[in-house]
Amino acid sequence: MRPAVTVLQLDTHFPRVPGDVASTDSYAAQVEIVRIPAASVGQIVTGNPGAVDIAPFEAALRSARGDVITTSCGFLAHWQTHLAALTDRPVIASALTALPDLDGPVTVLTFDADKLVAGHGAVLAHADEVIGLRPDMHLRRVIEGDLDALDQAVAGREVAALVAHSVPRDTATLLLECTNLPPYKPAIRDVFAGRIVDILTQIERARPGTVKPAFL
C-alpha cells in the first residue's frame, strides 16, 4: 500500500513529537519518513537558499512513494517549483507556498526571521509581518543544537508568549513556517483567535484524511 505522504526530513535527531511533520503520530494514514543525509539545520536554514545542495532532496523525491511529498523545513520554499517539476504528485516544499492564497493581514512565524527575510523576499511579498523565534527560546535551542531533550510545556509557553506579544492585533492569518511549531497550536490558539496555516494543514488540503484532526 502506497503511503499517504512522504516527508523528506533533515538529518536531525531532536525529538519529533506528535504534531511535528516528521512524527508518524501526526497522521491518520501511512507515512514514509526519508532522512536526507548531511542536510543539517545549519545548512538548510540560510539567507542564501540558492546555495543549498538540493541534489540529495532530488534523489529522495524521485524514489518517494507517498501520494504527497513534503519536507521538514520551510526554508526549502525556494525550491518549490524545482522539486515539483520532478514528479507528477503534489509537492509541498514549505507552508510558505500557501502565502499567495491567504486572506490578510498575514503574519509569518518562522524559525529565524533574519535569514528568512534575507533569502525569501519573493514569497514573503505576500506577508504583512515576519516574526522569528528568539535565539534564547527553548524550542529554537533544541532544534539548532539538535538536542535530545525537548520540554514541550516550556516550548509551548514560550511560543504562546511570543505570539501574544509580537503578532499584530489585526492579523487574520498566522502562518507557521517552521514544521516543528504545529505541536504548539493549542497554546497559540489560547492567545490568537485567527486562522492558523502550517505544513500539516497544507498536506491535509492536498490529501484529505491524511492528518489527524487533533493536529489541524
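Is Arg140 buried or exposed? Arg140 is buried, with a relative accessible area of 9%. The model is predicted. Arg140 is a useful way in, and the route then runs through the other salt bridges, the sheet, the cavities and some unusual backbone spots.

Start with the partners of Arg140. Its side chain meets that of Asp112 in a salt bridge, at 3.1 Å from N to O. This pair links distant parts of the chain. Arg140 sits in helix H6, which covers residues 138-145. Asp112 sits in the loop between strand E5 (106-110) and helix H4 (113-119). The two residues are 28 apart in the chain. Both Arg140 and Asp112 are buried.

Arg140 also meets Glu144 in a salt bridge, here at 3.3 Å from N to O. Arg140 and Glu144 both belong to helix H6. They are four residues apart, so about one helical turn separates them. Glu144 is partly exposed, with a relative accessible area of 43%. Arg140, by contrast, is buried at 9%.

Now look elsewhere for salt bridges. A search of the whole structure finds nine. One of them joins the side chains of Asp20 and Arg16, at 3.1 Å from N to O. Asp20 is buried, with a relative accessible area of 2%. Arg16 is buried as well, at 17%; the cut-off for buried is under 20%. Salt bridges also link Arg2, Asp67 and Arg207 in a network.

Next comes the sheet. Four strands form an open sheet in the order E6-E5-E7-E8, and the pairing is parallel. Strand E6 (129-132) and strand E8 (195-197) stand at the edges. Each has a single partner strand, so one side of each is left without a neighbour in the sheet. From one strand to the next, the twist averages 25°.

Follow the sheet from E6 across to E8. E6 pairs with E5 in the parallel sense over four bridges. Within this pair, Val108 stands opposite Val130 in E6. E5 then pairs with E7, again in the parallel sense and over four bridges. Here the bridge partner of Val106 is Thr173 in E7. Strand E7, residues 173-176, goes on to pair with E8 in the parallel sense over three bridges. In that pair, Leu175 has Val197 of E8 as its bridge partner.

Pause at E5. How many of the five residues of E5 are buried? Five of the five are, so E5 is largely enclosed by the rest of the structure. Val106, Val108 and Thr110 point one way from the strand. Thr107 and Leu109 point the other way.

The structure also holds enclosed space. A search finds two cavities of 30 Å³ or more. The largest contains about 110 Å³ of space. Its lining has 16 residues, and Leu10, Ser72, Cys73, Ile143 and Asn180 lie nearest its centre. By class, this lining has nine nonpolar, five polar and two charged residues.

The second largest cavity has a volume of about 40 Å³. Its lining includes Phe14, Pro15, Val17, Leu139 and Tyr184. Asp20 is also among the residues that line it. This is the Asp20 that meets Arg16 in a salt bridge. The lining of this cavity divides into eight nonpolar residues, one polar and one charged.

Last, turn to the backbone. Most residues other than glycine have a negative phi, and most peptide bonds are trans. Some places here depart from that pattern. A cis peptide bond joins Gly104 and Pro105, with omega at about 0°. Pro105 lies in the loop between strand E4 (91-92) and E5.

Ala38 has a positive phi, near 70°. Its place is in the loop between strand E2 (31-35) and helix H1 (41-44). At 53% relative accessibility, Ala38 counts as exposed. Asp146 has a positive phi too, near 50°. Asp146 lies in the loop between H6 and helix H7 (152-166). With a relative accessible area of 25%, Asp146 is partly exposed. That brings the path back to H6, the helix that holds Arg140.

Notes
Residues are numbered from 1 along each chain as its sequence is written. This is a predicted model: local features need pLDDT of at least 70, side-chain atom pairs count only at pLDDT 80 or more; totals for chains, interfaces and linings use all residues. Side-chain values use heavy atoms; hydrogens and water are left out. Two strands pair if DSSP finds at least two bridges between them. Axes are lines fitted to C-alpha atoms, for helices over the stretch in contact, and angles run from 0 to 180 degrees between N-to-C directions. A salt bridge is a side-chain nitrogen of Lys or Arg within 4 Å of a carboxyl oxygen of Asp or Glu. Buried means under 20% relative accessible area, exposed over 50%, partly exposed in between (1.4 Å probe, protein chains only). On a 1 Å grid over the protein atoms alone, a cavity is a set of points where a 1.4 Å probe fits but cannot get out, and a pocket is an open set with protein on both sides within 12 Å along at least five of seven lines; lining residues have an atom within 4 Å of a point. Grid points are joined across faces, edges and corners, and a volume is the space filled by probe spheres set on the points. Ala, Val, Leu, Ile, Met, Phe, Trp, Tyr, Cys and Pro count as nonpolar, Asp, Glu, Lys and Arg as charged, and the others, Gly among them, as polar.
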